Amino acid sequence: MRNPFFRFKQFEVWHDRCAMKVGTDGVLLGAWADVARSKQVLDVGTGSGLIALMIAQRCSARITGIDIDADAVGQACGNVAASPWSGRIRICRADVAVFNEGKYDTIVSNPPFFCERVHCPDGQRNAARHTESLSFDCLLDAVGRLLTDDGSFSVILPAGLMGSFTTSAAGRHLYASRRTDVLTKPGVLPKRVLLTFVRSVRPCETDSLVIESSPRVYSPEFVRLVKDFYLYV
């Protein structure tokens with residue numbers, strides 16, 4: 001059986017009641033998103049609360065995590081309560097399509113991205129993985145409504161969906177300002193892309209990140225990104 005929790009340097013994340021377990025995508029986004037000047041952060045689809053906790057470790061902002069799944073919300077609440085930052089993180093069950101509690105200078109999301117019609121039998125896992133539970137259009141509409149004029153929205157996506165997502169974002173006057181292509185190993189095509197969007201058009205800073213420099217050996221740049229979180233890097 002998979003371990004029911006994941007231990008980081010400063011906190012633990014229990015995820016046995018969540019459809020989507022702690023994984024590299026969430027860790028990447030939580031460590032990569034620019035939160036240096038953040039004051040109010042919204043984590044859309046918070047799941048176990050992983051990204052909210054990582055951001056709380058990195059800055060002094062107040063953080064709200066929302067999710068539509070009751071079990072995930074319950075587990076995230078427990079993870080937050082056991083963390084050093086329980087006074088700054090609020091977790092609530094909410095649908096981002098109708099969520100309207102103020103404005104946020106930083107919005108982050110590790111959204112569902114599978115679009116195919118063939119689903120697995122686990123309804124909870126389907127909701128976490130498939131865009132029918134949170135379409136990209138719905139997510140971007142919410143960002144357009146909830147983001148401050150000078151705020152930023154950061155997201156992690158499969159690399160192949162970057163073009164359509166960026167086009168949809170531009171249609172809502174959200175423009176890519178930062179991009180990191182994520183490669184599992186040297187010489188392969190990017191598997192994921194980390195993107196930050198803002199409300200003004202500007203040159204997009206672009207770079208790449210290799211996770212493993214050789215089999216089972218993290219690259220130096222990946223170690224630098226996650227060293228404050230992973231126990232053994």
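**Notebook: salt bridges, strands and two odd phi values**

I started at D181, which counts as buried at 13% relative accessibility. I note here that I am working from a predicted model.

**Entry 1: the partner of D181**

Which residue does D181 meet in a salt bridge? I found R179, with N and O 2.9 Å apart. I then looked up how covered each side is. R179 is partly exposed, having a relative accessible area of 24%, whereas D181 falls under the 20% cut-off for buried with its 13%.

**Entry 2: strand β8 and its neighbours**

Next I turned to strand β8, which covers residues 175–183. I wanted to know which strands pair with it. On one count, 7 bridges connect β8 to β9 (residues 192–198), and these two strands run antiparallel. I picked R178 to see the register: its bridge partner in β9 is T196.

Do β8 and β10 run parallel or antiparallel? I looked, and they run parallel, with 6 bridges between β8 and β10 (residues 205–210). Here I noted V182, which stands opposite L209 of β10. So that I can find my way back, I wrote both pairs on one line: R178 with T196, and V182 with L209.

**Entry 3: the loop before β8**

I stepped back to the loop between α6 (162–170) and β8, where H173 has its place. H173 caught my eye since its phi is positive, near 60 degrees, and H173 is not a glycine. As a reminder to myself, most residues other than glycine have a negative phi. Is H173 buried or exposed? With a relative accessible area of 51%, H173 is exposed, as the cut-off for that word is over 50%.

R172 is in this loop too, and I followed its side chain to helix α5. There R172 forms a salt bridge with D141, at 2.6 Å from N to O. D141 belongs to helix α5 (residues 136–146) and R172 to the loop between α6 and β8, so this pair ties together parts 31 residues apart in sequence. Both ends are partly exposed: D141 has 42% relative accessibility, and R172 has 22%. I also checked for further members and found a network of salt bridges that links D137, D141 and R172.

**Entry 4: a second positive phi**

I went looking in the loop between β11 (212–214) and β12 (217–218), and there I found R216. R216 is not a glycine, yet its phi is positive at about 65 degrees. I looked up its cover as well: R216 is exposed, with 83% relative accessible area.

**Entry 5: the salt bridge at β5**

How many salt bridges does the count give? I got 8. One of them joins E101 to R90, whose closest N and O atoms are 2.9 Å apart. E101 sits in the loop between β5 (89–93) and β6 (104–109), while R90 is in strand β5 itself, so the pair ties together parts that are 11 residues apart in sequence. I find both residues partly exposed, E101 at 43% relative accessibility and R90 at 36%.

**Entry 6: cysteines**

I checked for disulfides and the structure holds 0 of them. I then took C59, which is in no disulfide: the nearest cysteine sulfur belongs to C92 and is 18 Å away. For a disulfide the two sulfur atoms would have to be within 2.5 Å. C59 counts as buried, at 11% relative accessibility.

**Entry 7: the whole protein**

I finished with the overall picture. I count 7 helices and 12 strands in the protein. Its radius of gyration is 17 Å, close to the 17 Å from the globule rule for 233 residues, so the protein is as compact as a globular protein of that length. I read the span of the C-alpha trace along its principal axes as about 45 × 40 × 40 Å.

What share of the 233 residues counts as buried? The figure I noted is 48%. As for the surface, the protein exposes about 11,300 Å², and 52% of that comes from carbon and sulfur atoms. Lastly, I looked at contacts between residues at least 6 apart in sequence; 69% of these join residues at least 24 apart.

Terms used
Residues are numbered from 1 along each chain as its sequence is written. This is a predicted model: local features need pLDDT of at least 70, side-chain atom pairs count only at pLDDT 80 or more; totals for chains, interfaces and linings use all residues. Side-chain values use heavy atoms; hydrogens and water are left out. Two strands pair if DSSP finds at least two bridges between them. Helices (H or I, at least four residues) and strands (E, at least two) are DSSP runs, numbered from the N terminus. Buried means under 20% relative accessible area, exposed over 50%, partly exposed in between (1.4 Å probe, protein chains only). The radius of gyration is taken over C-alpha atoms; the globule rule is 2.2 Å times the number of residues to the power 0.38. Contact means heavy atoms within 4.5 Å. Accessible areas come from the Shrake-Rupley method with a 1.4 Å probe; for residues, only the protein chains shown count as cover. A salt bridge is a side-chain nitrogen of Lys or Arg within 4 Å of a carboxyl oxygen of Asp or Glu.
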